[in-house]
Amino acid sequence: MSSSSDSLAPDEDQFVSMLIQHRHSVFTFILKQVGNAADAEDVYQRTSLSLWKKKDAFEVGGNFYNWACGFAFNEVRNYRTRQRRNRLRFDAELAELIAAESESMAARADASLEALRGCMKQLSQRQQEILQRCFSSTESMTDVAASLDRSRGAFYKQIARLKSKLSACIDQVMNRCEAANES
């Protein structure tokens, strides 16, 4: 028996892809409320299980992050119920405030990541490759410098200049976005 809403649900591969894409943001949302990484991981696993069980309720094209955070919020509440013996507890209003702040921070982190991607495209291909090798591979910065026949000191200065350039670009993009949102 297939209803029209079933056709709007993602297939398993799409769902797993969305879950992976939003893993860090949802985990951060949970971590901000739970306070420690081990407990946040446990809550995230419970959230993932709940999401999987209800995956057919999600409509493709909807906001997966918001949908997942609704489940995460409920799992955090369940976690707090299980942790009643702990002395430090938050009241519901504070929990909602923290959740709202976490969503705002996650949105800003996503916007910063998009800004970084755009700013990386403004660098030369060689500069992009150097940064990729330094920050996305298992090579040490010393090894990268040696492979480029650069002294370690000169290489670190180049990386510092590139990081500064990217930081300024990201700040500029973020400031433009904030100004556009305020108007």
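Which residues are buried in H8? In this helix, taken here as a DSSP run of H or I with at least four residues, strands being E runs of at least two, and numbered from the N terminus, the buried residues are Phe155, Gln158, Ile159, Leu162, Leu166, Cys169, Ile170, Val173 and Met174. Buried stands for under 20% relative accessible area, exposed for over 50% and partly exposed for what lies in between, with a 1.4 Å probe and protein chains only.

The model is predicted, local features need a pLDDT of at least 70, and side-chain atom pairs count only at pLDDT 80 or more, whereas totals for chains, interfaces and linings use all residues. Residues are numbered from 1 along each chain as its sequence is written, and side-chain values use heavy atoms, with hydrogens and water left out.

The protein averages a pLDDT (the predictor's confidence in each residue, from 0 to 100) of 86, and 92% of the residues score at least 70. Over residues 1-6 the pLDDT falls below 50, and this stretch has one contact in the model beyond near neighbours in sequence, a contact being heavy atoms within 4.5 Å. Among the elements, helix H3 (residues 37-53) has the highest mean pLDDT, 93, and helix H5 (residues 92-121) the lowest, 86.

The spans of H5 and H8 can be set beside their expected values, given by 1.5 Å times one less than the number of residues.

| Helix | Residues | Expected span | End C-alpha distance |
|---|---|---|---|
| H5 | 30 residues | 44 Å | 44 Å |
| H8 | 31 residues | 45 Å | 44 Å |

The buried residues of H8 pack against H5, H6 and helix H7 (141-147). Those of H5, which are Ala95, Ile98, Ala99, Ser102, Ala106, Ala115, Cys119 and Met120, pack against helix H2 (23-34), H4, helix H6 (125-135) and helix H8 (152-182).

Ser50, found in helix H3, is buried because its relative accessible area is 18%; leaving aside neighbours within four places in sequence, Ser50 is in contact with Phe71 and Glu75. Ala57, by contrast, sits in the loop between H3 and helix H4 (64-82) and counts as exposed because its relative accessibility is 55%. Between the C-alpha atoms of Ala57 and Ala99 there are 23 Å in space, and the two are 42 residues apart in sequence.

Ile20, in helix H1 (residues 12-21), likewise counts as exposed, at 60% relative accessibility.
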